[in-house]
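The following exercises concern side-chain pairs and strand pairing in a single protein chain. Each task is followed by a solution in steps.

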Amino acid sequence: MAESGKQGKTGKAPNEPTDVTRRDFLNEITFAAFGIAGLGSAVVTYRYLSPNVLFEPPTKFRAGNPDLYPLNSVSYLPDQQVYIVRTAEGFYAVSAVCTHLGCITQWKPEAELIACPCHGSKFQPDGTKIEGPAPRPLPHFLIALTLDGELQVDKLEIVKPSQVLKV
Ligand code: FES
């Protein structure tokens with residue numbers, strides 16, 4: 001008596017999952033490997049072609065109204081690492097970064113000098129070196145007034161210490 005069921009030539013029912021051959025398996029692995037390699041190449045190419053931009057903070061900044069700074073004062077602006085100095089002659093902006101190895105100096109009002117905590121360099125409020133290993137005085141930055149009357153410092157523009165802003 002013959003069995004009544006539908007079977008294909010392989011002897012399996014049509015809805016029954018077929019066995020994956022070794023060749024099919026290797027083909028799928030190969031396609032997956034090429035896919036991963038292609039994706040990796042695309043990422044590397046994209047990163048190579050995209051511009052290598054370094055975002056730095058702006059070098060020009062507003063330091064507020066001149067009235068904020070009392071006469072004969074040294075004011076440290078920590079965000080900019082700059083001292084705003086006001087004397088009877090006018091304003092100047094002095095870098096707070098030590099010229100020795102780049103430590104941030106500190107204004108010492110009791111001694112009326114700028115001191116570096118790293119190796120002991122000392123500077124006058126106008127940046128002139130007093131003592132220590134610093135090879136140069138603290139540089140002065142260009143300071144000007146904006147159209148609306150605020151102080152503006154440009155840390156990219158080094159000026160002579162004698163250049164003061166009269167307000
Ligand atoms: S970094 Fe200022 S004295 Fe060395």
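**Exercise 1. Aromatic pairs**

Task: Determine how many aromatic pairs the whole structure holds, and classify the geometry of each.

Solution. The model is a predicted one. A search of the whole structure yields 2 aromatic pairs.

Step 1. Y69 and F91 form one of these pairs, with 6.1 Å from centre to centre and 80 degrees between the planes. Planes over 60 degrees apart count as edge-to-face, and the pair of Y69 and F91 is accordingly edge-to-face.

Step 2. Locate the two residues. Y69 lies in the loop between β1 and β2 (73-77), while F91 lies in strand β4 (residues 91-95), so the pair ties together parts that are 22 residues apart in sequence.

Step 3. Assess the burial of both rings. The cut-off for buried is under 20% relative accessible area. Y69 is buried because its relative accessible area is 5%, and F91 is likewise buried at 1%.

Step 4. Turn to Y76 and Y83. Their ring centres are 5.3 Å apart and their planes stand at 45 degrees, so this pair is tilted. Y76 is partly exposed, at 32% relative accessibility, whereas Y83 is buried, with a relative accessible area of 0%.

**Exercise 2. Salt bridges**

Task: Establish how many salt bridges are present, and identify which residues are joined into one network.

Solution. The count comes to 3 salt bridges.

Step 1. Consider R62 and D148. Their closest N and O atoms are 3.1 Å apart, and the two residues form a salt bridge. This pair links distant parts of the chain: R62 belongs to strand β1 (residues 60-64), and D148 to the loop between β9 (140-145) and β10 (151-159), 86 residues apart.

Step 2. Consider R62 and E150. Their side chains meet in a salt bridge of 3.0 Å, N to O. Here too distant parts of the chain are linked, with R62 in strand β1 and E150 in the loop between β9 and β10, 88 residues apart.

Step 3. Compare the accessibility of these residues with the cut-offs. Exposed requires a relative accessible area over 50%. D148 is exposed because its value is 54%. R62 is partly exposed, at 45%, and E150 is partly exposed as well, at 25%.

Step 4. Examine E131 and K122. They form a salt bridge in which the closest N and O atoms are 3.4 Å apart. E131 is partly exposed, with a relative accessible area of 40%, and K122 is partly exposed at 27%. As for the network, R62, D148 and E150 are joined into one by salt bridges that share partners.

**Exercise 3. The sheet**

Task: State which order the strands of the open sheet follow, and which of them are edge strands.

Solution.

Step 1. The open sheet has 6 strands in the order β1-β10-β9-β4-β3-β2, and the pairing is antiparallel.

Step 2. An edge strand pairs on one side only; this holds for β1 and β2.

Step 3. For the twist, take the average angle between neighbouring strands: with direction ignored, they are turned by 30 degrees against each other.

Step 4. Inspect β4 and β9 in detail. They pair in the antiparallel sense over 2 bridges. Across this pairing, A93 stands opposite F141 in β9.

Methods. Residues are numbered from 1 along each chain as its sequence is written. This is a predicted model: local features need pLDDT of at least 70, side-chain atom pairs count only at pLDDT 80 or more; totals for chains, interfaces and linings use all residues. Side-chain values use heavy atoms; hydrogens and water are left out. A salt bridge is a side-chain nitrogen of Lys or Arg within 4 Å of a carboxyl oxygen of Asp or Glu. Helices (H or I, at least four residues) and strands (E, at least two) are DSSP runs, numbered from the N terminus. Buried means under 20% relative accessible area, exposed over 50%, partly exposed in between (1.4 Å probe, protein chains only). Rings of Phe, Tyr and Trp (its six-membered ring) pair if their centres lie within 6.5 Å; planes under 30 degrees apart count as stacked, over 60 as edge-to-face and the rest as tilted. Two strands pair if DSSP finds at least two bridges between them. Axes are lines fitted to C-alpha atoms, for helices over the stretch in contact, and angles run from 0 to 180 degrees between N-to-C directions.
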